[in-house]
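Here are three short exercises to work through with the model open beside you. Try each one before reading its solution.

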Amino acid sequence: MSQNLKDKAVTYLGALEKRDWEAARALCAKTAAVWHNDGKGEETVEKNIEGMKGQIGSIKSMRYDIIRQLSQPGEVFQQHVVHVATKNGMRGEVHAAVYFSFDDAGLITRIEEYANFIPARQDS
């Protein structure tokens, strides 16, 4: 089941990358919560997705590269880098460590993300 949960974490991020909000939501339990290290506290998956929808308009492309995944029953921890390019030409990377918790049905119940955006160097 560990590989199955790893695949579900990847599928969730793939849905976000494709802006398939409904598919991402379908992978989560109704009571799923999301926490980021931004000081705003915990939020529902719906609120998190709405926030992403609000920011995505300026994003030209985003691609997740998974560096490593570790799992044990009901949990996946992964490190990834999100490569981001905005419509105004800014590029950068979000370096993140993410914890996913799953229920017995394999739905995501909690996401904790520790992330840091690093702008790409702009050559002159």
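**Exercise 1.** How many bridges join strand β3 to strand β4, and do the two run parallel or antiparallel?

*Solution.* This is a predicted model, in which local features need pLDDT of at least 70, side-chain atom pairs count only at pLDDT 80 or more, and totals for chains, interfaces and linings use all residues. Residues are numbered from 1 along each chain as its sequence is written, and side-chain values use heavy atoms, without hydrogens and water.

Step 1: find β3 at residues 59-72 and β4 at residues 75-86. Strands here are DSSP runs of E with at least two residues, and helices are runs of H or I with at least four, numbered from the N terminus; two strands pair if DSSP finds at least two bridges between them.

Step 2: count 12 bridges, with the strands antiparallel.

Step 3: look at the end of the hairpin, where S71 stands opposite V76 in β4. The hairpin leaves 2 residues between the strands, and G74 in the turn has a positive phi of about 80 degrees.

**Exercise 2.** Find the residues that I111 is in contact with, leaving aside its neighbours within four places in sequence.

*Solution.* Contact means heavy atoms within 4.5 Å. Step 1: in helix α1 (2-17), pick out Y12, one of the contacts of I111. Step 2: add A33, V34 and W35. Step 3: finish with V98, Y99 and F100.

**Exercise 3.** Which strands span residues 28-36, 91-102 and 108-119?

*Solution.* Going along the chain, they are β1, β5 and β6, respectively.
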